[in-house]
Structure formats: structure tokens, C-alpha cells
Amino acid sequence: KLHWQEFKPTFKYAVPFFLTMISFYLFRFTDRTVIASCLSLQDLGLYTFAIGIAETTRLLCVSINEVSSPFVLEEISKAEDITEVSGNAESFTQKLVLISTFVSLLFIFLSPLISVVLPKYSKAIIILEILLINNFFRTFQLYQILILSSPRVNRQNHVNIAMALTGIANLILSIYLIKSGYGVLGVVMATFMANTCMAIFYMAATQCYYVVENKTKYYGKMLFGLSVLVL
């Protein structure tokens, strides 16, 4: 027996995650699709090279998030009031952002070596640096996504909406900036702005589930890390 009745709640809960994966890959490959359609293969090669390095620098934070996810979900499910996870939410996010900032900063300092080791990819340095700064927002939203997707909150559709809207905005803005003469840098900036908006959306969507104490100090620390990367 397949026990379809028992499987139905699991299937119903999994459907939004299926839609999320589709939205994620559409969002992820929007930039490369636009570059391949509107710019040269050389631009596509430079961007693919840069984003490959930028994605590698995220692996440590992503791995930490994967390891911590079961424990975080257990904590959320056991809490009488979900706002009880506030302390861990703040601490976990700060740790990930600190690690991400340090690794990105290290690679930003090392990026000029590309022109020495791989001179043909020297034009990819500025693209890489912007993508490394962009990792700040992608790291910041990891815990927020985890809260929204937990069975207790069950707001995975919020994640889908955020990805769909920012994905469309990224596509439109990328094409506009290319037409305005910014080339591949326009696509990178469009991706950066789309991820910024997505992070703000997740932050706003999760504030009702965990209360940040001393918000000025908390967000000040976040902005300090971003400021260091930008400088």
C-alpha cells in the first residue's frame, strides 16, 4: 500500500518548496540569459568566471546554515512563542554575516592577482568585487528564509513571491541598463539591487516572528559590515 492519505500533508507542504526551486533557478540564470542574448560571449565568459568564484566564497556560510537548519527548526517548533527564538536569530545572523564579510573582504583584496595569474580575465575583477559585496545580502537572508519555511510559520509562499517579483525586476532592469550602455556591469548592478530588495523583503516579512532587541545597534552592525565591503 502506498498510504496516499498519510502522504498528502507532506506533498501539500512540499509543493511551495518545489515552486521555490523553480523560482530560484529562474532568478539565478536570469543574468546569464540576458548577457548571452544581448552581449558578447566574452562578456558571458567574464561573468561566469566571476560568479563561479563568488559562489565558492559562500559555501562556508551555506554549509553552516545547512548543518544548523534541523536544530533551528526544532527550536522554532518547541517554542511556546516564536519570538523566543529572537536571541538565537540575531546571534546566528550576525555570525553568518561576519564570516561572509571576512571571506568576501579577503577575496576582494586578493582579486587583483587575477590580472597576474589570468590576465585575460582582468576585466572580471570589478564584476567579482560587486558580486562579493552582493554575498552580504544573500547571507543575511538565510536565517529569515529558514524561519518563513519552517512548518511552524509555513510561509514558504512569501519566499516564492519575493523571488518571482525580484526576478522580474532583475530581468527588466538588466535589459534597461544594457540598453543604456552599461554592458555586463549593468547586469551585475541589477542583480545587486534585486538581492538588496529581496533581503529587505525577507527582513520585513520575518519581523513579526522574532523581535529584534535594540534594533539600532543590531542593524548598525549589519550596515557596518556592508560599509566595510563597499569601501
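# Notebook: a loop, some helix pairs and a few polar residues

**Entry 1: Asn 154**

I started with Asn 154, which is partly exposed, with a relative accessible area of 42%. Note to self: this is a predicted model. Asn 154 sits in the loop between H6 and H7. Next I looked up its backbone. What is the phi of Asn 154? It is positive, about 55°, although Asn 154 is not a glycine. I wrote down the background for this too: most residues other than glycine have a negative phi.

**Entry 2: Arg 155**

I stayed in the loop between H6 and H7, because Arg 155 lies there as well and counts as partly exposed at 35% relative accessible area. I used the cut-offs here: a residue is partly exposed when it falls between 20% and 50%, so 35% fits.

Which residues does Arg 155 touch, leaving aside its neighbours within four places in sequence? I found Leu 148 and Tyr 209. I also checked the side chain of Arg 155, and one of its polar atoms lies 3.1 Å from the backbone oxygen of Val 153. Then I took a C-alpha to C-alpha distance: Arg 155 and Ala 205 are 9.3 Å apart in space, with their positions 50 residues apart in sequence.

**Entry 3: H6 against H7**

Now for the helices on either side of that loop. H6 and H7 pack with their axes 7 Å apart, at an angle of about 130°. That makes the two helices oblique to each other. I listed who makes the contact: Ile 145, Leu 148 and Ser 149 come from H6, while Gln 156, His 158 and Val 159 come from H7. Sorted by class, I get three nonpolar and three polar residues, and no charged ones. Leu 148 turns up twice in my notes, once in this helix contact and once as a partner of Arg 155.

**Entry 4: H7 against H8**

I moved along to helix H7 (residues 156-179) and its packing on H8. Their axes are 8 Å apart and the angle is about 155°. Why do I call H7 and H8 roughly antiparallel? The angle is over 145 degrees, so they count as roughly antiparallel. H7 passes H8 in a right-handed crossing. I noted the classes in this contact as well: 16 nonpolar residues, seven polar and no charged.

**Entry 5: H1 against H8**

H8 (residues 183-206) has another entry in my notes, with helix H1 (residues 4-38). The two axes come within 10 Å and cross at roughly 160°. H1 and H8 are therefore roughly antiparallel to each other, and their crossing is right-handed. On the H1 side I wrote down Phe 27, Asp 31, Val 34 and Ile 35. On the H8 side I have Val 184, Val 187, Thr 191, Ala 194, Asn 195 and Met 198. These residues divide into seven nonpolar, two polar and one charged.

While on H1, I looked at Thr 30, which lies in that helix. Is Thr 30 buried or exposed? It is buried, with a relative accessible area of 11%. Not counting residues up to four places away in sequence, Thr 30 touches Gly 167, Asn 170 and Leu 171.

**Entry 6: Thr 139 and Ser 100**

Next came a pair of residues. Thr 139 is in helix H6 (residues 125-149), and Ser 100 is in helix H4 (residues 86-110). Thr 139 is buried at 2% relative accessible area, and Ser 100 is buried at 6%. What joins their side chains? I found a polar contact of 3.1 Å.

I followed Thr 139 further. Its side chain reaches the backbone oxygen of Asn 135 at 2.8 Å. Beyond four places in sequence, Thr 139 touches Cys 61, Leu 96, Val 97 and Ser 100. For Ser 100, with neighbours within four places left aside, the list is Cys 61, Asn 135, Phe 136 and Thr 139. Cys 61 is on the Thr 139 list and on the Ser 100 list.

I added one distance: Ser 100 and Thr 20 are 24 Å apart, C-alpha to C-alpha, and 80 residues apart in sequence.

**Entry 7: Lys 221**

Last stop was Lys 221 in helix H9 (residues 215-230). Lys 221 counts as partly exposed, at 42% relative accessibility. How far apart are the C-alpha atoms of Lys 221 and Pro 151? I get 30 Å, for two residues 70 apart along the chain.

Key:
Residues numbered from 1 in each chain as written. Heavy atoms only, no water. Axes fitted to C-alpha atoms, helices over the stretch in contact; angles between N-to-C directions. Helix = DSSP H or I, 4+ residues; strand = E, 2+ residues; numbered from the N terminus. Parallel < 35°, antiparallel > 145°, perpendicular 65-115°, else oblique. Left-handed = near helix turned anticlockwise from the far one by under 90°. Contact = heavy atoms within 4.5 Å. Nonpolar A, V, L, I, M, F, W, Y, C, P; charged D, E, K, R; others polar. Buried < 20%, exposed > 50% of the residue type's maximum accessible area, 1.4 Å probe, protein only. Polar contact = N/O pair within 3.5 Å; in protein donor to acceptor, adjacent residues only side chain to side chain.
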